[in-house]
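I opened this notebook to keep track of what I looked up in the structure, entry by entry. I begin with a part of the surface and then turn to a helix and to the chain as a whole.

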Amino acid sequence: MRRALTGLSLLLSVLLLPSAWALNSGLGEAPLLDRQTPYASAQGFYAAVHRGDYELAAHYLDLDFIPPAEQKAQGAALARRFKFVLDHKLPTALTNLSKDPKGDEEGSRTDQLDILMVGDAAYPIRLASVPAAGGRVWVFSEATVRAIDPLYEEYGPSALGEVLPQWFFEKPVLGLEPWQWLGLVVTLLGAGLLCVLLERLTLGVLGKLAAWTSNAWDDALVPAGKGPTRLLYFSLLGALGVTLLLLPPTARLLTTHLFTSLLIVAVAWFVLRFLRVTAQFVQQTVTKEGKDAARARGVHTQLAVLRSVFEAATYIIAAALLLMQFETVRNVGVSLLASAGIAGLVIGLAAQKSISSLLAGIQLSITQPIRIGDTVIVENEWGTVEEITLTYVVVKVWDERRLVIPIPQFLDKPFQNWSKGGQSMLGPVLLLVDFTTDMDALRGELRRILENEGKELWDGRVATVVVLDMLDRTLQVRALVSAAPSNLFDLRALVREKLIAYLRARPEWLPTTRTESRTAATPPAPAAASEQAQPSPPATPRA
């Protein structure tokens with residue numbers, strides 16, 4: 001009887017002992033932790049493991065199936081391993097947990113994140129509400145903790161990482177363990193070396209393939225890949241290497257943004273190189289043909305404008321892709337799309353002139369009222385079209401000045417294009433000569449000038465001299481010559497100078513003001529005066 005009472009008292013003392021009901025008694029007294037909801041417990045575990053405080057993180061695991069003497073050591077190791085599993089497979093699932101102390105809506109005192117597969121085995125990742133000193137708390141369930149080791153073998157660091165010294169897996173620095181920092185350095189150095197080798201190999205193979213073709217375009221395009229190809233390989237190799245390091249979500253996000261940005265820059269860089277090489281190749285091909293200079297200028301104009309359009313589009317798309325990686329920018333973009341009607345109206349009104357200039361530039365490249373190299377008269381200035389952009393045209397004036405004229409002006413206002421429609425123009429030279437000038441001799445002198453001094457400027461088509469008008473004292477003579485638009489002004493000046501010299505050697509053909517002197521006749525006497533001068537007849541005597 002006494003033995004029974006003693007055993008009963010011992011049993012009651014054990015049951016009433018606070019440590020008998022304590023969760024994870026082998027970890028010691030738990031610090032002040034917020035484990036009242038699944039969400040709070042998961043976030044607390046996440047913050048602790050990424051600080052490297054694995055002993056604190058063990059309090060968020062149900063370790064009662066482990067002997068108390070081993071809970072402290074095994075709990076910290078399991079917490080560290082569980083970190084890699086969560087970071088690799090469930091980086092954002094923790095935010096979906098319930099913030100209700102009762103757990104999910106079913107009231108089963110559990111809240112499940114997801115189910116992970118290892119081969120044919122399924123491992124649910126759950127938090128459970130378990131009794132503890134002071135009430136019930138939420139921790140990762142016993143079944144989940146038991147599944148950490150097989151999950152870690154499947155999704156944890158590679159076997160190569162496990163052979164490193166133990167200190168590589170201890171206290172993290174800025175959220176990364178030392179072996180991960182070492183892996184980052186090796187990844188960057190290895191990617192930098194391999195990208196150079198792969199670029200040389202790729203361009204060498206492509207160069208040999210291009211040499212087998214008869215087209216020279218691919219021969220020029222292969223060298224243009226030097227630089228973009230290296231950056232492309234570096235971004236791909238870097239992204240692959242970082243994936244193997246099992247970085248935490250924050251570091252993974254940063255590296256993902258970095259290598260994705262480098263990939264976008266590499267592609268945009270190559271597109272710009274492609275546009276430049278293609279435009280140069282087409283222009284050189286048309287120029288080498290040399291059959292139609294006007295067609296060559298037209299192609300040059302179209303290539304310049306279209307290349308500007310595609311380059312601007314490349315920059316815009318690349319910048320948009322770079323910015324769309326960030327959540328804030330995506331949210332702004334969604335908001336703008338939601339209010340696209342109003343935003344489009346406002347932007348359209350604000351940028352009306354800019355958009356019209358852009359569209360005018362595209363229209364100009366298609367219709368081609370002017371082309372690069374054309375001789376034009378605009379704003380009462382004679383010059384040559386030197387540059388055409390999407391918004392303005394640069395005209396090189398004869399005195400080396402540059403006129404920058406908005407493109408819409410060439411579509412809205414009239415101007416003269418001396419190069420439009422043909423390769424030759426007519427230019428008049430006006431002279432004033434005397435009535436006695438020999439026109440045939442003047443025509444012969446014009447022909448001599450054009451065949452000798454002006455043979456580099458004259459195109460051999462037109463050389464005429466006609467009397468254009470007869471004035472009161474002189475004749476107005478027009479010498480008409482033909483030349484290319486770029487030579488016409490110089491030819492007219494030459495002809496004018498030589499004809500004046502020819503007339504100066506014959507002063508009788510120069511304009512002359514004639515005067516004539518004659519002896520003035522004696523004017524007759526007035527009739528009344530003559531009558532007074534005559535003697536009066538004698539008076540007749542009266543009978």
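I looked first at a nonpolar surface patch of about 550 Å², which is made by L201, V205, L206, L209 and W212. I note that patches take residues with over 30% relative accessible area and no salt bridge (a side-chain nitrogen of Lys or Arg within 4 Å of a carboxyl oxygen of Asp or Glu), and that nonpolar side chains (Val, Leu, Ile, Met, Phe, Trp, Tyr) are joined within 5 Å. Areas come from the Shrake-Rupley method with a 1.4 Å probe.

This is a predicted model, in which local features need pLDDT of at least 70, side-chain atom pairs count only at pLDDT 80 or more, and totals for chains, interfaces and linings use all residues. Residues are numbered from 1 along each chain as its sequence is written, and side-chain values use heavy atoms, with hydrogens and water left out.

I placed V205 in helix α8 (residues 178–211), helices being DSSP runs of H or I with at least four residues, numbered from the N terminus. V205 counts as partly exposed because its relative accessibility is 43%, between the limits for buried (under 20%) and exposed (over 50%).

I then turned to helix α4 (residues 68–89), whose end C-alpha atoms are 30 Å apart. A kink of about 35 degrees is centred on Q74, the bend being the angle between axes fitted to the seven residues ending there and the seven starting there. The buried residues of α4 include Q71, G75, F82 and D87.

For the whole chain, I noted that 37% of the 543 residues count as buried.

Definitions and conventions. Buried < 20%, exposed > 50% of the residue type's maximum accessible area, 1.4 Å probe, protein only. Helix = DSSP H or I, 4+ residues; strand = E, 2+ residues; numbered from the N terminus. Expected span 1.5 Å × (residues − 1). Patch = residues over 30% accessible without salt bridge, like charges linked within 9 Å, V, L, I, M, F, W, Y side chains within 5 Å.
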